[in-house]
Amino acid sequence: RRGEDGTAIFAMSDQKDVALEIRVTNEPSDPAEPQRDGDDAHQAQLTAIFPPELPYAALRPDEGRGHGPVVCDANQNGSRVECELGNPLKRGAQVRFFLILGTSGITVHTTDLAVELLLSTISEQPGLEPVVARARVVIELPLSVTGVAVPPRLFFGGEVRGESAVRRESQVGSAVSFEVTVSHRGQAPKTLGSAFLTVHWPHELPNGKWLLYPLSLELGTPPVPCSPPANPLRLALVQPRGLRGP
């Protein structure tokens, strides 16, 4: 997809690579006067320079095209590749292929990427300026959250006490334990960002009385900080357990 300014947007989740589509043409600059230019281009070559977050991985040709094969040669770390487009690249030719780029260097701190493309030929060709392919990066982690309440149904029929008269856990209703699991189904990113989970529960009745409130939080490994802390009524706890209902 593309942003409002037309810049491509990479929605990264767990894909290992992306493809950069390359199109090269050798056509007359003015279709109305095709004989003025557009001759065969000898030793036509494309040089691509990649950011460290997006190194070159492979070449994928466009099957079914009439032009000859494209051959690419990359340096050791994949930051630069030179592709031979034809010798010569015929007049009127159109070359299309894909450069496969690895995403292992992209982290949650990567916001944009730029690949510089430069054509060259030993034939006369003025005005061959570099072209920069740009993309913004959005990290989409395939997170999921599940929750289980134990017990799933709860009844309370004891003595009703006002909030000011409640001092101990035993003076309020039975506990409800909620087990929440957050999982990441995809490939773990090299650099972790910040992920937040917000849990909502019925806080009070229309008359302002407490309905459910957290007494304790039993966190996983490693410990996860939560705010605000549990036990807002500051009750004396017999045994740390989940949510209480009057």
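# Reading an all-strand predicted model

The secondary structure of this protein comes to 0 helices and 13 strands. The model is predicted.

User: What pattern does the protein follow when read along the sequence?

Analyst: Such a pattern lists the elements in sequence order. Here the pattern reads β-β-β-β-β-β-β-β-β-β-β-β-β. The chain has 246 residues, and 28% of them count as buried. The accessible surface comes to about 16600 Å², with 52% of that area belonging to carbon and sulfur atoms.

User: What share of the contacts with a separation of 6 or more comes from residues 24 or more positions apart?

Analyst: This value tells the reader how far along the sequence the partners in a contact lie. In this protein, residues 24 or more positions apart account for 74% of the contacts with a separation of 6 or more.

User: How many residues of strand 7 are buried?

Analyst: One reads burial residue by residue, and a residue is buried when its relative accessible area is under 20%. Strand 7 covers residues 94–102, and 8 of its 9 residues are buried, so strand 7 is largely enclosed by the rest of the structure.

User: In which sense do strand 2 and strand 7 pair, and over how many bridges?

Analyst: Pairing is described by a direction and a number of bridges. Strand 2 pairs with strand 7 in the antiparallel sense, over 9 bridges. Within strand 7, Ile100 is the residue opposite Ala19. Strand 7 is also joined to strand 4, residues 56–61, by 5 bridges, and these two strands run antiparallel. There, Tyr56 stands opposite Leu101 of strand 7.

User: Is Val70 buried or exposed?

Analyst: The step is to compare the relative accessibility with the cut-off: under 20% is buried. Val70 has a relative accessibility of 12%, and therefore counts as buried. Val70 belongs to the loop between strand 4 and strand 5 (71–74). Apart from neighbours within four places in sequence, the contacts of Val70 are Leu59, Cys83, Glu84, Leu85, Val95 and Phe97. The C-alpha atoms of Val70 and Gln45 are 9.6 Å apart in space, while the two residues are 25 residues apart in sequence.

User: Where is Thr7 found, and which residues does it touch?

Analyst: Thr7 is in the segment before strand 1 (8–12). Thr7 has 18% relative accessibility and counts as buried, because the cut-off for burial is 20%. Not counting residues up to four places away in sequence, Thr7 touches Arg1, Arg2, Arg134, Ala135 and Arg136.

User: Is Arg185 buried or exposed?

Analyst: The same reading applies, now with the upper cut-off: over 50% is exposed. With 59% relative accessibility, Arg185 counts as exposed. Its place is the loop between strand 11 (175–184) and strand 12 (213–214). Once neighbours within four places in sequence are set aside, Arg185 is in contact with Pro142, Leu143 and Ser144. From C-alpha to C-alpha, Arg185 and Leu141 are 8.3 Å apart, although 44 residues separate them in sequence.

User: Which peptide bonds are cis?

Analyst: The angle omega is what one reads for a peptide bond. The bond from Asn87 to Pro88 is cis, with omega near 5 degrees. Pro88 lies in the loop between strand 6 (80–86) and strand 7. Another cis bond joins Val150 and Pro151, where omega is about -5 degrees. Pro151 lies in the loop between strand 10 (143–150) and strand 11.

User: What is the phi of Gln43, and where does Gln43 lie?

Analyst: Here the sign of a backbone angle is read. Phi of Gln43 is near 50 degrees, a positive value in a residue other than glycine. Gln43 is in the loop between strand 2 and strand 3, and with 43% relative accessibility it counts as partly exposed.

User: How many residues line the second largest pocket, and which lie nearest its centre?

Analyst: A pocket is read through its volume and its lining. The second largest pocket holds about 760 Å³ of space. Its lining has 33 residues, and Val24, Thr25, Leu119, Gln125 and Leu128 lie nearest the centre. The elements giving two or more residues to this lining are strand 2 (17–25), strand 3 (44–49), strand 8 (112–120) and strand 9 (131–139). Strand 2 gives the most, with 6 residues. By residue class, the lining divides into 16 nonpolar, 9 polar and 8 charged residues.

Technical notes. Residues numbered from 1 in each chain as written. Predicted model: local features only at pLDDT ≥ 70, side-chain atom pairs only at ≥ 80, totals over all residues. Heavy atoms only, no water. Helix = DSSP H or I, 4+ residues; strand = E, 2+ residues; numbered from the N terminus. Buried < 20%, exposed > 50% of the residue type's maximum accessible area, 1.4 Å probe, protein only. Contact = heavy atoms within 4.5 Å. 1 Å grid on protein atoms, 1.4 Å probe; cavity = no way out; pocket = protein on both sides within 12 Å on 5 of 7 lines; lining within 4 Å. Points joined across faces, edges and corners; volume = space filled by probe spheres on them. Nonpolar A, V, L, I, M, F, W, Y, C, P; charged D, E, K, R; others polar. Areas by Shrake-Rupley, 256 points an atom, 1.4 Å probe, with all protein chains shown as cover. Pairing = 2+ DSSP bridges.
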